[in-house]
Structure formats: structure tokens, C-alpha cells
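User: Could you take me through one part of this model in detail? I would like to look closely at the metal site and at the elements around it.

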Amino acid sequence: MPPPLLELAAAVKRYGNGEGVGPLDLEVAAGEAVALIGPSGGGKSTLLRLLLGLLAPDAGEVRLGGAPLADDPAVRRRFGYVVQGGGLFPHLTAAGNAALVARHLGWDRGRIAGRLEELAGLTRFPRDGLARFPAELSGGQAQRVSLMRALFLDPEVLLLDEPLGALDPITRAELQDDLRRAFRELGKTVVLVTHDLAEAAYLARRLVVLRGGRVLQDGTLRELVEAPSDPFVSRFVRAHRALGLPGEGA
Ligand SMILES: Nc1ncnc2c1ncn2[C@@H]1O[C@H](COP(=O)(O)OP(=O)(O)OP(=O)(O)O)[C@@H](O)[C@H]1O
Ligand SMILES: [Mg+2]
């Protein structure tokens, strides 16, 4: 068996105020899609930042392909990351934000323009928005720029922190379709955060519930519904079922 592509081994991260996550154990195989769900403050964003090496664990280890994660720009380029809230640079246009790293790597104009065209199609981003600055875009458009930036170099791993949160329901459903197809066809390894259980189950077979910085349950939607590991998981699932989302019984 090859080692898991992504791995947290008893990883602990504490912020200065004593809050944080861990010890966390998580293994993600190459080509697998995992959705992180759970309450606000549960540790989802911190877990992504550990996987990406933006935060170093205080204890335990983070591994990529079986080796300790190296603090190296070449390693970071294997990841596409959508930071929660988008994280666009206000002084760069949509195109400038999306193509930032490609430009840094010396891609020529034609190649950048071609890739922008492809990604604008994939994310349904309006072509005339590419020359605009983030402040001149809607929230959903800005979010699609963040996605384009994460996908730009065609990275093997995608870490997506609430990538679809600010989209209207129709665009969101369309983009869910496109993302699911992209994950499957391109064989991406994906860890994504969402507050929407239906979206989590649509995009990933495996759902990881985080609360208080620990993994409460790791399983399929069916397992969460039928064999919740904790009363909180039942409450979390029920809260979504009350809205008529998947899992609602006949
Ligand atoms: N920079 C920081 N400094 C201090 N504490 C932090 C910092 N970032 C996060 N925390 C704390 O760490 C814990 C985990 O936060 P994290 O941002 O990972 O949660 P989350 O699951 O992403 O929440 P949300 O759904 O609201 O985005 C929380 O208790 C939070 O208050
Ligand atoms: Mg978060």
C-alpha cells in the first residue's frame, strides 16, 4: 500500500490564546475527496492550514506522500488553496489574482490567457470581469476568482475552505456539478470545507465532522445518519434534515 497522500499524525496546533486543534489524526488517499463539516470554531480552517504547511504543528506531524511536509514553495505548488473569504489581493485585477503564481513562474501571456479562458468557462466567470478589481466584483464572482486561482496550475491537491459559500443557489448547484466532475475526471485529491451537509455529501463520499478541534466522526453521510458517533452528530444531521436535505426519511 502506498502511504496516504495527506496525513495528520496526532497533530496539535495551539494559538497564542490557547485555542486550536488536536491531537488530530487524518489520512487522505490520493484521488480521494473529503469534506470537513462541523460548527464554527470546530477547527476546519486550522486543519487545512496544517495540511498546507501555513501553520506548523506544535506536536505530532503533517506528512505529504509519507514524508514530513517540507516548507518549500515547490511543495506548496502541489496544492491549490481557496482561503476562507477568498483572500484576493485588492490591487490586482481578477485575471491578475487568478494568474498570480503562473506569472511569477514565468508563463507567457498566451499560455496565461488560454488558461484564464478555460477556467472562466469552468467556473462560469464572466469574461468581462477578468479586467476588474475585486471591489468591482460581486461576492460570488470574487469567490470564483479564488477558485480559478486555486485551479490555475492544475495542482494535484485542492484544499478549499468554503469555496461556494457566497454563491446564489443556482450558480452554486451548477458549480457543484462542475467541481464534482473536475474532481473525478482529473483524479484530484480534495479536502473541502462546507457548512452545507448536502453539498458535502454531493462533492465527497467521506465526511469528517470536526468539533472542538477533534474528529467526532469520519464516514459517509449514511453512516452519520444511521450510526452517529455522538449526540452532536445526530443534532447536526437533524438540523439539515429539517430543511428537507438528504437523509430526510419518507
Ligand atoms: N489566528 C487565531 N488566533 C487565535 N485563535 C484562533 C485563530 N484562528 C482560529 N482560532 C481558534 O481556533 C479554533 C479553530 O478555529 P478554525 O478557524 O479552525 O475554525 P473553523 O472550523 O474553520 O470555523 P468557521 O466555520 O467559523 O470558519 C477556534 O477556537 C478559533 O477561535
Ligand atoms: Mg473556517
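Analyst: Happy to; what follows starts at the metal site and works outward through the helix, the sheet and one further helix. Please keep in mind that this is a predicted model.

Let us begin with the ion itself. The magnesium ion (ligand 2) has two coordinating atoms here, OG of Ser45 and OE1 of Gln84, at 2.0 to 2.2 Å. These two residues bring together distant parts of the chain, being 39 residues apart. Ser45 belongs to helix α1 (residues 44–52), while Gln84 sits in the loop between β6 (79–82) and α3 (94–98). Their surroundings can be described through accessibility. Ser45 has a relative accessible area of 12%, so it is buried, the cut-off being under 20%. Gln84 comes out at 43%, which makes it partly exposed.

Now to the helix that carries Ser45. Eight of the nine residues of α1 are buried, so the helix is largely enclosed by the rest of the structure. Among them are Lys44, Ser45 and Thr46, together with the leucines Leu47, Leu48, Leu50, Leu51 and Leu52. Just after the helix, Gly53 adopts a positive phi of about 85 degrees.

What does α1 lie across? The helix lies across β3 (33–37), β6, β7 (157–161), β8 (189–193) and β9, and it runs at about 155 degrees to β7.

Those strands lead us to the sheet. It is an open sheet of six strands in the order β6-β7-β8-β3-β9-β10, and the pairing is mixed. At its edges are β6 and β10 (214–219), each of which pairs on one side only. On average, neighbouring strands are turned by 15 degrees against each other, direction ignored.

Strand β9 is a good place to see the mixed pairing. With β3, β9 runs parallel, joined by four bridges. With β10, β9 (residues 206–211) runs antiparallel, and five bridges join the two. Val209 of β9 has a partner in each neighbour: Ile37 stands opposite Val209, and so does Gln217 in β10. Val208 has its bridge partner in β10 too, namely Asp218. As for cover, five of the six residues of β9 are buried, leaving this strand mostly covered. The hairpin of β9 and β10 has two residues between the strands, and there Gly212 takes a positive phi near 60 degrees.

To finish, here is another helix for your inspection, α5 (residues 109–122). Its 14 residues should span 20 Å at 1.5 Å a residue, and the end C-alpha atoms are indeed 20 Å apart, so the expected and modelled lengths agree. The buried residues of α5 are Ile112, Arg115, Leu116, Leu119 and Ala120. They cover an arc of only 135 degrees around the axis, which means that they lie on the same side of α5. That buried set packs against α3, α4 (100–104) and α6 (139–151). On the other side of α5, Gly110 and Glu118 are exposed.

Back at the ion, then, you have Ser45 from α1 and Gln84 from a loop as the coordinating pair, with α1 lying across strands that include β3 and β9.

Definitions and conventions:
Residues numbered from 1 in each chain as written. Chains lettered and ligands numbered in written order. Predicted model: local features only at pLDDT ≥ 70, side-chain atom pairs only at ≥ 80, totals over all residues. Heavy atoms only, no water. Donors = N, O, S within 2.8 Å, 3.2 Å for Na, K, Ca; no water. Buried < 20%, exposed > 50% of the residue type's maximum accessible area, 1.4 Å probe, protein only. Pairing = 2+ DSSP bridges. Axes fitted to C-alpha atoms, helices over the stretch in contact; angles between N-to-C directions. Contact = heavy atoms within 4.5 Å. Expected span 1.5 Å × (residues − 1). Arc of directions from axis to C-beta.
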